[in-house]
Amino acid sequence: MCLAVPGRVLEIEERDGTRMATVDFGGVVKEACLEYLPDLQVGEYAIVHVGFALQKLDEESARQTLELFTQLGMLQEEFGDPWEMAAEAGGLPLPGAAEASQEARQ
Amino acid sequence: MKYIDEFQDPELARGLLDEIRSTVTRPWALMEVCGGQTHTIIRHGIDQLLPDQVELIHGPGCPVCVTPLEVIDKALEIASRPEVIFCSFGDMLRVPGTGRDLFRVRSEGGDVRVVYSPLDALKIAQQNPDREVVFFGIGFETTAPPNAMTVYQARRLGIRNFSLLVSHVRVPPAIEAIMRSPNCRVQAFLAAGHVCSVMGLGEYPELAERFGVPIVVTGFEPLDILEGVRRTVVQLERGEHSVDNAYPRAVRPEGNPAALAMLEDVFEVTDRAWRGIGVIPGSGWRLAPRYRDYDAEYRFQVSGIDTREPAQCRSGEVLQGLLKPHECEAFGTVCTPRTPLGATMVSSEGACAAYYLYRRLDMNKTAPLEASPVG
Ligand code: SF4
């Protein structure tokens, strides 16, 4: 959970008075809030933690980190379906399976 | 050499290891604070690649692991209420409370949802005005600013059916508690890089000075850890104790000013209990009085919880670096990721889970160290 993943800003928009971006994390696209890095521009990289861009990162370091995370399966850990992962780790049946995976995909 | 070919740049890793080997002249004990670093160390066998004189002690930096059992039990109670949609990060699902976990609560019909960001929980509150949406706000200085922003936005947008169950913790007071412990063997710290991305170097120079310990801000990738160890050993050998930033690509000395300002607005520092460790003064955040309406503890007066820690679990000692996970009697027998006794066996940053996942087959038991609570 303390893991922060580097991502590249694809698009920026103002929503509900908040600066939000769509961010590409090595193929997984998610939203991130830019309120803590108001100067971040489209095409730039930042480390993003729980949907918030926290610090700018240069492109080279971002790419290297992403490559490492992909190799180690850490992007899957970060963005996969948490209910499925928890069920698998615990050897348990999935509670409310359908809705759970739907949320994770949102 | 075992493991080293798995490094992103094995040549660079070899160079750093050679430098460490040629620098070190006597034994040193370094603590890596962050659980993410612990996982990297065990996964890549860094502790085994280092010269014998350099010992890495695992620190308390796993937010899931240090969340007090009582708070988990409160979360479980609130999540079980029919009017509540309980939102959490995925890591919390299987953290054992007294007798059950969030996974079980959902099986029993509780509306528990996993979100990627706290802002997603706020969105759920907007979409469900007739329900109470509670977000489980745990984590260190990296996670606190997103949660602070979410509460700030809830107030700004006039969303009334949202609240935060807060159990935020701060690293510097934990470092202080570790240094004050009578059994402390730690001679230097690898500080948690992402915590410093937010906080900057702020409180560290004073700690380094007061306790005479080098503090090297370190990332969590394998080469980052080796570079952190190298810089730490250089300082130790020279008898120095300063703060050094070995993770400049993500850490600026001033941190993130916007995040710091938001933390200041939404939270106030408080004493906080750490699971298995006890209360560390000034080591947590709670919502400031002007945000009290958004505090789930006030909104849902939970009482009558009978919190019981499993007696066998020694995660408190593991979290203080006094015991290695495999030295716990329960490790790998009664306690496994499938049947965890403590949070350190469940969390993706927990030390027991790291040992179980990456180090299960090649461990030798060593004599456990004597333990006592810090603080
Ligand atoms: S191995 Fe299990 S019982 Fe032992 S300290 Fe770790 S979590 Fe607790």
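Trainee: Which exposed residues does the face of α13(B) turned away from its buried side carry?

Mentor: This is a predicted model, where local features need pLDDT of at least 70 and side-chain atom pairs count only at pLDDT 80 or more, while totals for chains, interfaces and linings use all residues; side-chain values use heavy atoms, without hydrogens and water. Residues are numbered from 1 along each chain as its sequence is written, with chains lettered from A and ligands numbered from 1 in the order in which they are written. Helices (H or I, at least four residues) and strands (E, at least two) are DSSP runs numbered from the N terminus, and exposed means over 50% relative accessible area, buried under 20%, partly exposed in between (1.4 Å probe, protein chains only). On the face of α13(B) away from the buried side, the exposed residues are Pro257(B) and Glu264(B).

Trainee: Which residues of helix α13 of chain B are buried?

Mentor: The helix spans residues 257–266. Its buried residues are Ala259(B), Met262(B), Leu263(B) and Val266(B).

Trainee: How many degrees of arc do they cover around the axis?

Mentor: An α-helix has 3.6 residues a turn, so residues three or four places apart point the same way. The arc is taken from the directions from the helix axis to the C-beta atoms. The buried residues lie on the same side of α13(B), because their arc is only 105 degrees.

Trainee: What covers the buried residues of α13(B)?

Mentor: Look for contacts, meaning heavy atoms within 4.5 Å. The cover in chain B includes α8 (144–156), α10 (193–199), β10 (267–274) and β11 (278–287).

Trainee: At the start of α13(B), which backbone nitrogen does a side-chain oxygen of Asn256(B) reach?

Mentor: The oxygen comes to within 3.1 Å of its partner. That partner is the backbone nitrogen of Ala258(B).

Trainee: Which side chain does Asn147(B) join in a polar contact of 3.1 Å?

Mentor: Asn147(B) sits in helix α8 of chain B and is buried, at 0% relative accessible area. A polar contact is a pair of N or O atoms within 3.5 Å; within protein, one must be able to donate a hydrogen and the other to accept it, and residues adjacent in sequence count only if both atoms are side-chain atoms. Not counting residues up to four places away in sequence, Asn147(B) touches several residues, including Pro118(B), Phe135(B) and Leu164(B). Its side-chain polar partner is His168(B).

Trainee: Which residues does Ala154(B) touch, not counting residues up to four places away in sequence?

Mentor: Ala154(B) is also found in helix α8 of chain B. Its relative accessible area is 0%, so it is buried. It touches Leu122(B), Ile159(B), Phe162(B) and Tyr294(B).

Trainee: How many residues of helix α16 of chain B are buried?

Mentor: The helix covers residues 351–358. Elements covering its buried residues include α2 (35–43), α3 (46–49), β2 (54–61) and α15 (315–319) of chain B. Ala351(B), Cys352(B), Ala353(B), Ala354(B), Tyr355(B) and Tyr356(B) are buried. The helix is largely enclosed by the rest of the structure, because the buried count out of eight residues is six.

Trainee: What is the division of the shell around the ligand into nonpolar, polar and charged residues?

Mentor: A residue is in the shell if one of its heavy atoms lies within 4 Å of the ligand. Among the surrounding residues are Cys313(B), Arg314(B), Phe331(B), Met345(B) and Cys352(B). Ala, Val, Leu, Ile, Met, Phe, Trp, Tyr, Cys and Pro count as nonpolar, Asp, Glu, Lys and Arg as charged, and the others, Gly among them, as polar. The shell divides into eight nonpolar, three polar and one charged.

Trainee: How many disulfides does a search of the whole structure find?

Mentor: A disulfide is a pair of cysteine sulfur atoms within 2.5 Å. Over all chains, the number found is zero.

Trainee: How far is the nearest cysteine sulfur from Cys184(B)?

Mentor: Cys184(B) is in no disulfide. It is partly exposed, at 26% relative accessible area. The nearest cysteine sulfur belongs to Cys196(B), at 19 Å.

Trainee: Turning to chain A, is Val50(A) buried or exposed?

Mentor: Val50(A) is in the loop between β4 (45–49) and β5 (52–57) of chain A. Its phi is near 35 degrees, a positive value in a residue other than glycine. At 3% relative accessibility, Val50(A) counts as buried.

Trainee: What pattern does chain A follow along the sequence?

Mentor: Chain A has four helices and five strands. Of its 106 residues, 49% count as buried. Read along the sequence, the pattern is β-β-β-β-β-α-α-α-α.
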